[in-house]
Amino acid sequence: MLLTGFGTLVGLLYLAMLVLAVIALFFAVTAREDAYRAADKQKKSFWLIILGITVAVNLFVPMLFLQLAGTVASIVFMVDVRPALKAVSGGGGRRGGSSSDGPYGPYNGGR
């Protein structure tokens, strides 16, 4: 009975790693190519290959070391590359507003 519960927990961890890799791959695909260059990150093709291999490994190759390496790559993309891409692309987290808005409100040119 304990072994069954452990198997369920490991299965859920594998599923979580797969979901994270798929989400990271989706965000990598939808980002613009020039945003990667502007954010001074690796090329888009680099991240698509790394994250695509991660998804394939999680789906078809039950090797924990490769899955963990792919999970680390997915985490790096989500916490480092994606925020930089959003900042460069103008998706800095604000909803609405204009391009002349500062951190404390609209910039009025010193008037």
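Me: What percentage of the 111 residues in the protein do buried residues make up?

Reply: The model is a predicted one, and burial in it is read from relative accessible area. Buried residues account for 23% of the 111 residues in the protein.

Me: How many helices and strands does the secondary structure comprise, and in what order do the elements run?

Reply: The protein has four helices and two strands. Starting at the N terminus, the order of the elements is α-α-α-α-β-β.

Me: Which residues of the largest nonpolar core touch the most other members?

Reply: The general idea is that nonpolar side chains tend to be buried together in soluble globular proteins. In this structure, the largest nonpolar core has 13 residues, and those touching the most other members are Tyr36, Trp47, Leu51, Phe77, Val81 and Leu85. At least two residues of this core come from each of α1 (2–30), α2 (33–38), α3 (44–60) and α4 (64–89). The largest share belongs to α4, with five residues.

Me: Which residues does Leu85 touch, leaving out those up to four places away in sequence?

Reply: Leu85 is in contact with Ala31, Ala35, Tyr36, Ala39 and Phe77 on that basis. Two of these partners, Tyr36 and Phe77, are themselves listed with Leu85 among the core residues that touch the most other members.

Me: How should the packing of α3 and α4 be read: parallel, antiparallel, perpendicular or oblique?

Reply: One reads the angle between the N-to-C directions of the two axes. Here the angle is about 140°, and the axes of α3 and α4 lie 9 Å apart. Angles over 145 degrees would count as roughly antiparallel, and those from 65 to 115 as roughly perpendicular; α3 and α4 are therefore oblique to each other. Their crossing is left-handed.

Me: Which residues make the contact of α3 with α4, and how many of them are nonpolar, polar or charged?

Reply: From α3 the contact draws on Trp47, Ile50, Leu51, Thr54, Val57 and Asn58. From α4 it draws on Leu66, Gln67, Gly70, Thr71, Ala73, Ser74, Val76, Phe77 and Val81. By class, nine of the residues are nonpolar, six are polar and none is charged.

Me: Is Asn58, on the α3 side of that contact, buried or exposed?

Reply: The cut-off for buried is under 20% relative accessible area. Asn58, in helix α3, has a relative accessibility of 11% and therefore counts as buried. Beyond four places in sequence, its contacts are Met17, Leu18, Ala21 and Gln67. Asn58 and Met17 are separated by 41 residues in sequence, yet their C-alpha atoms are 7.3 Å apart.

Me: What does Val61 touch, and where does this residue lie?

Reply: Val61 is located in the loop between α3 and α4. Neighbours within four places in sequence aside, Val61 contacts Ala56, Leu66 and Gln67. With a relative accessible area of 29%, Val61 is partly exposed.

Me: What is to be noted about phi of Asp40?

Reply: The point to check is the sign of phi and the residue type. Phi of Asp40 is near 60°, which is a positive value in a residue other than glycine. Asp40 belongs to the loop between α2 and α3. Exposed means over 50% relative accessible area; Asp40 has 67% and is therefore exposed.

Me: How does one read residues of α4 such as Ala69 and Ser89, buried or partly exposed?

Reply: The class follows from relative accessibility, with partly exposed lying between the cut-offs for buried and exposed. Ala69, in helix α4, is partly exposed at 40%. Its C-alpha atom is 8.2 Å from that of Thr54, which is 15 residues away along the chain. Ser89 also lies in helix α4, and at 37% relative accessibility Ser89 counts as partly exposed.

Me: Which residues does Ser89 touch, not counting residues up to four places away in sequence?

Reply: Ser89 touches Arg32 and Ala35. A separation of 8.9 Å is found between the C-alpha atoms of Ser89 and Ala38, 51 residues apart along the chain.

Me: Across the protein, what percentage of contacts between residues at least 6 apart in sequence join residues at least 24 apart?

Reply: The share is 62%.

Definitions and conventions
Residues are numbered from 1 along each chain as its sequence is written. This is a predicted model: local features need pLDDT of at least 70, side-chain atom pairs count only at pLDDT 80 or more; totals for chains, interfaces and linings use all residues. Side-chain values use heavy atoms; hydrogens and water are left out. A nonpolar core is a set of buried Ala, Val, Leu, Ile, Met, Phe, Trp, Tyr and Cys residues joined through side-chain atoms within 4.5 Å. Buried means under 20% relative accessible area, exposed over 50%, partly exposed in between (1.4 Å probe, protein chains only). Contact means heavy atoms within 4.5 Å. Axes are lines fitted to C-alpha atoms, for helices over the stretch in contact, and angles run from 0 to 180 degrees between N-to-C directions. Angles under 35 degrees count as roughly parallel, over 145 as roughly antiparallel, 65 to 115 as roughly perpendicular and the rest as oblique. A crossing is left-handed if the near helix is turned anticlockwise from the far one by less than a right angle, and right-handed if clockwise. Ala, Val, Leu, Ile, Met, Phe, Trp, Tyr, Cys and Pro count as nonpolar, Asp, Glu, Lys and Arg as charged, and the others, Gly among them, as polar.
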